Amino acid sequence: MTLTLSLREQPAVPLEAEVLSPDRLAGSGRDEIEALPVWHGNERTRVGEFFTVSGAGDDDVRIEGDLGRVKLVGAGMTAGRLTLAGDAGMHAGAGMRGGELHIEGDVGDWAGAGMRGGRLVVRGSAGRQLGGVYAGERAGMRGGEIVVGGDAGAQAGAGLRRGLIAVAGRVGDAAGLRMLAGTIVALGGLGARAGAGMRRGTIVTMAPATPLATFVFSCIYRPPFLGLYLRRLRALGLAVSDEQLEGRYARWCGDGLNLRRGEILILEGGRSPSVLERLEADRRHQIAGLDAPRR
Amino acid sequence: MKLHGAEIVDTFAEAFPMWGARVVITAANPAWALEAGRSLTGFATSVIGCKCEAGIERELDPDDTPDGRPGVSALLFAMDRDGLAKRLVERIGQCVLTSPTSACFNGLDAENTVDVGGQLRFFGDGYQASKVLEGRRYWRVPVMEGEFLVEERFGAVEGVAGGNIIILARDAEPALRAAEAAAGAMRAVEGVIMPFPGGIARSGSKVGSRYSSLPASTNDALCPTLRGQVEHTEVPHDVGCVLEIVIDGLALEPVREAMARGLRAAAESGASRVTAGNYGGDLGPFHIHLHELVP
């Protein structure tokens, strides 16, 4: 049997509910759960004021309703499985260390920020700073997996140190901003300034992209490790095509302003010109004394 | 005891513990995977002269490998865990890293592990990079051909080495036919290898020799040509050829199973007698009695 919490009424202002985590809920009785503290704006209140509690369970918790205004759901969780049958607010799964957090709708900003382990799965889209870094922290996500079925906002994977962020759709601007290591896979493409300031790590995109000028083209090849990652993403339910699995990728090394040990891998093929054709066009323009063609 | 007309001698194979690892090699096509596997397991027939014993366990379909490419699995055995680690680093470094398109993975989940990729990474001269996926660390070593991917740690188990059957026949033709059939039957067993050429040794040895520097020498009691010279021959007058199959396994049961299958196949295929090698029971803790293997 699953422990189920149902949102009874929408909070007037965001509700901060770090207690909505299997670590606090699993194995607790209904009265205990209803008495757990939450912050409604600047007012300290109880879970029971907003949620009805039914069922019981050890590790499997389900929360129903539109939790778009509920922050910190699953934050810091270490084990178990938490399913949100709807949207989730900001900081969902932030700092989680283990277990699985499944969000069947969209999730707000800072989802999985500072995550250390476990798996965060978002069926919809994610806001800004997915797996990101909080101000003052040396690094953002340090482990675990984040899988997003829709799009992700700007600065996904900012400060990433370890772990995997995979987005089926498009990732916003400055993905992997100042990332230290780890892997970001954007199946639907990248926004501008991806990898700005990155030291190490990998950003993979399946759509054409123009890296920053501080990235240097290396070669087109089939990265052996990528087969492992893409097969893993396929197992996690993302639509990874055979073309992506077997494809050739252009490797751009950067950021030249910061160690240049990172890489952006861009799937070659489709209708866009090959990176080699574009580099040749740039060279011809330079020989002719012209600026590089605008793209 | 008779089996399909062959006499099964009432004796036992004396096996002893050795540390073993399973190496999974993948490549762009089955031929190159096999090439790397053969190179890895070359010159590894006997721990006495080669410091380890190794062989190809089986070929792998793309669905059975970590990166979805065709592969082979090989087993490698050494006398202790440190020796196993050294041999793995040497052989993967010299034979797999160098082989075009190869990648190399641990194929054994075990409590004990040894560091392999963590040593080989230094070939990257500082340009190596690591990836951690599902708790396993992989090293990406840049090479002229592209990138060599190798898993950091390989599982190590205390296995069983020195399982054996000895096939006696009228002359070389039926002996070889019986030995080939036996080796073929043994190859169907998972978790074992037969480290000698084609799985068959024509030069079984005894411990020691009349020369002080030689730790092993020809098994004169089983040499048909010496039947009239040695004091205690084990060769019947109607036997003109003796061949041995040595079996190393990751556990005792697969070794027993391989011996049982080999015994039956040899008896059906021309052997006039099947026996086994032992040292009087004083050397190895595992005694596999041939009569217990006969159905």
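Let's start with β8(B) and β9(B), which run antiparallel and are joined by five bridges. This is a predicted model, so read every value below as computed from predicted coordinates. One pair to look at first is B:A129, which sits opposite B:R140 in β9(B). Follow the chain round the hairpin of β8(B) and β9(B) and you go through two residues between the strands. In that hairpin, B:E134 adopts a positive phi near 50 degrees.

Keep going along β9(B) and another hairpin turns up, again with two residues, this one leading into β10(B). Here the pairing is antiparallel too, over six bridges. If you want a residue pair to click on, take B:W139, whose bridge partner in β10(B) is B:V150.

Those strands turn up again where the chains meet. The contact between the chains involves 15 residues of chain B and 14 residues of chain A. On the chain B side, β8 (129-133), β9 (136-143) and β10 (146-151) each put in at least two residues. Which strand gives the largest share of the side of chain B that touches chain A? That would be β8(B), with four residues. As for chemistry, the chain B side of this contact splits into seven nonpolar, two polar and six charged residues.

Now step back to chain B as a whole. The domain assignment splits chain B into domain 1 (2-14 + 160-293) and domain 2 (17-157). Their C-alpha centres are 30 Å apart. Where the domains touch, ten residues of domain 1 of chain B are in contact with 13 residues of domain 2 of chain B. The domain 1 side of that contact has nine nonpolar residues, no polar ones and one charged.

On to the helices. Two packed helices are described by the angle between their axes and the distance between the axes. Take helix α1 (residues 30-40) of chain B and helix α3 (residues 81-96) of chain B: their axes lie 9 Å apart, and the packing angle is about 140 degrees. That angle makes α1(B) oblique to α3(B). The crossing is right-handed. From α1(B), the residues involved are B:A36, B:S39 and B:L40, and they meet B:R91, B:I92, B:C95 and B:V96 in α3(B). Sorted by class, the contact has five nonpolar residues, one polar and one charged.

The other helix pair is helix α5 (residues 172-186) of chain B with helix α6 (residues 252-268) of chain B. Their axes come within 7 Å and cross at roughly 150 degrees. These two helices are therefore roughly antiparallel to each other, and their crossing is right-handed. Among the α5(B) residues in the contact are B:A178, B:A182 and B:G184, while α6(B) brings residues including B:A258, B:G262 and B:A265. The contact of α5(B) with α6(B) divides into nine nonpolar, two polar and two charged residues.

Finally, hop over to chain A. There you'll find an open sheet of four strands in the order β4-β3-β2-β7, with mixed pairing. Why is one side of β4 (43-46) and of β7 (70-71) in chain A left without a neighbour in the sheet? Both strands stand at the edges, so each has a single partner strand. For β7(A), look at strand β2 (residues 15-16) of chain A: the two pair in the parallel sense over two bridges. Within that pairing, A:L15 has A:V70 in β7(A) as its bridge partner.

Key
Residues are numbered from 1 along each chain as its sequence is written. Chains are lettered from A and ligands numbered from 1 in the order in which they are written. This is a predicted model: local features need pLDDT of at least 70, side-chain atom pairs count only at pLDDT 80 or more; totals for chains, interfaces and linings use all residues. Axes are lines fitted to C-alpha atoms, for helices over the stretch in contact, and angles run from 0 to 180 degrees between N-to-C directions. Angles under 35 degrees count as roughly parallel, over 145 as roughly antiparallel, 65 to 115 as roughly perpendicular and the rest as oblique. A crossing is left-handed if the near helix is turned anticlockwise from the far one by less than a right angle, and right-handed if clockwise. Two residues are in contact if their C-beta atoms, placed from the backbone, lie within 7 Å. Ala, Val, Leu, Ile, Met, Phe, Trp, Tyr, Cys and Pro count as nonpolar, Asp, Glu, Lys and Arg as charged, and the others, Gly among them, as polar. Domain bounds come from an automatic or database domain assignment. Two strands pair if DSSP finds at least two bridges between them.
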